[in-house]
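Visitor: I would like a close look at one part of this molecule, the sheet. Please take me through how it is put together and what lies against it.

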Amino acid sequence: MIHKFYLNERHMVLDVNSGSVHVVDKLVFDLLDHYVSNDLDGIIRNMVSTYDEKDIREAYKEIGFLEENGMLFSDAEDISNLKYNEDNIVKAMCLHVAHDCNLKCEYCFASQGNFKGERSMMNLETGKKALLYLAQNSGNRRNLEVDFFGGEPLMNFQTVKDLVDYGRSIEMKYNKHFRFTITTNGVLLDDNKIKYINENMDNVVLSLDGRKTVNDAMRLTVSGEGSYDVILPNIKKMIQARGDKDYYVRGTFTSNNLDFGKDAVSFHREGFKKISIEPVVAPEEMDYAIREEHLDRILQEYEDFSKEYIRLTQQDDEFMFFHFMIDLNQGPCVVKRAVGCGAGSEYLAVTPEGELYPCHQFVGEKEFLLGTLDTGILNIELRDKFKVANVYNKEECRNCWARFYCSGGCHANAHYAHNDIMKPYEIGCEMEKKRIECALSVLANQEA
């Protein structure tokens, strides 16, 4: 199976099963339409009115060479014995240290921080149980990921610091290394917090929607005012002090800012080098939700921004837009490429009360409660359902050219769109496919 497209002045061909990506001329690009269903003589008859016969023969030979070497029309790997996380290893946790927030963002899937429940803070004892649970249930895996999340985790910052200390205190005993991340809206950032985060967090995610008008329309303070002028100086101070350590400034686009490429450019203008801008997760009936009627505009915006992104990265090779970064080696093995993020199995979210959910987007949905830190996983049937939610078991994914890049898409988006984690969210699929095309064309231009 192959996928071919033209974007940013590059004719691109992706061999789905091998992951090989080719930048080709127009002759090879057109010939591929005839290659499988015709012999060489038939291809010549079909194409000789447009291309020279000698060139057609040479292109045909080149395609044959790539096919023989498993780089075009390659066979799918045998996955009849696909096994995923048989030992139920947990490698990552999202610790909800605060179910409260000092902003009231219009689109917040966490219901402005309380996740459809009571506002609460994780106490130190519960946090310690979570880190211990992760250390004891991670098998031979040494590097473990922990994201301090909310609501707004800086509202419970002393607990965050105490948990970092506790995590470090048990690393040697269990032969582990905790990689800590914190996700914050930046309102409470000050010099002391910035210094601590930069010294102790492997990554930091900083939330800011985009341009001032975009951000202030959705991300409001508790008094109902825009938050941009409060947040921006704090984020800039954090990034300046962070040096070469990882961070992301994370934006959000809704139906109100479908020109989100301008938000990405504004981030670059403010000096942000590592950014992402994510589509809003919202019920279709909300006025800011992304609906099918917006899709053509969104896909065109990705294409338009990819052109601008190529120009910007030629001037600034440190600028990175998350969705236009791609691993041509496809990263891990076929199993990992098929199952994706590992939510509900390798990855768990922990509430302030110690409840376990498949990921942060399911928190508060009682049908997705897996168990607690005290009981462990009790809902084995639900865990097993997440374990088999892969591209080979999702009907819509089996013949999709993008399946090994998106790994079947977001389980939460599928649930909220269809009440079924096995049925992908179609709008998300189309956006992901366009982002992949953009990313490949960007890379082809950068390496030209």
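Guide: What follows goes through the sheet strand by strand and then turns to the helix. The model is a predicted one.

Three strands make up an open sheet, in the order 1-2-3, with antiparallel pairing. Strand 1 and strand 3 (21-24) are the edge strands; each has a single partner strand, so one side of each has no neighbour in the sheet. On average, neighbouring strands are turned by 25° against each other, direction ignored.

Strand 1 covers residues 2-7, and its side chains alternate between two faces. His3, Phe5 and Leu7 point to one face and are buried. Ile2, Lys4 and Tyr6 point to the other face and are not buried; the cut-off for that word is under 20% relative accessible area.

The partner of strand 1 is strand 2 (residues 10-15), and the two pair in the antiparallel sense over six bridges. Within this pairing Phe5, one of the buried residues of strand 1, stands opposite Met12 in strand 2. The two strands form a hairpin with two residues between them. Asn8 lies in that turn and has a positive phi of about 55°.

Strand 2 also pairs with strand 3, again in the antiparallel sense, over four bridges. Here Leu14 has Val21 in strand 3 as its bridge partner.

Helix 1 (residues 26-35) packs on the sheet and touches strand 1, strand 2 and strand 3. The direction of helix 1 makes about 140° with that of strand 1.

Terms used
Residues are numbered from 1 along each chain as its sequence is written. This is a predicted model: local features need pLDDT of at least 70, side-chain atom pairs count only at pLDDT 80 or more; totals for chains, interfaces and linings use all residues. Side-chain values use heavy atoms; hydrogens and water are left out. Buried means under 20% relative accessible area, exposed over 50%, partly exposed in between (1.4 Å probe, protein chains only). Two strands pair if DSSP finds at least two bridges between them. Axes are lines fitted to C-alpha atoms, for helices over the stretch in contact, and angles run from 0 to 180 degrees between N-to-C directions. Contact means heavy atoms within 4.5 Å.
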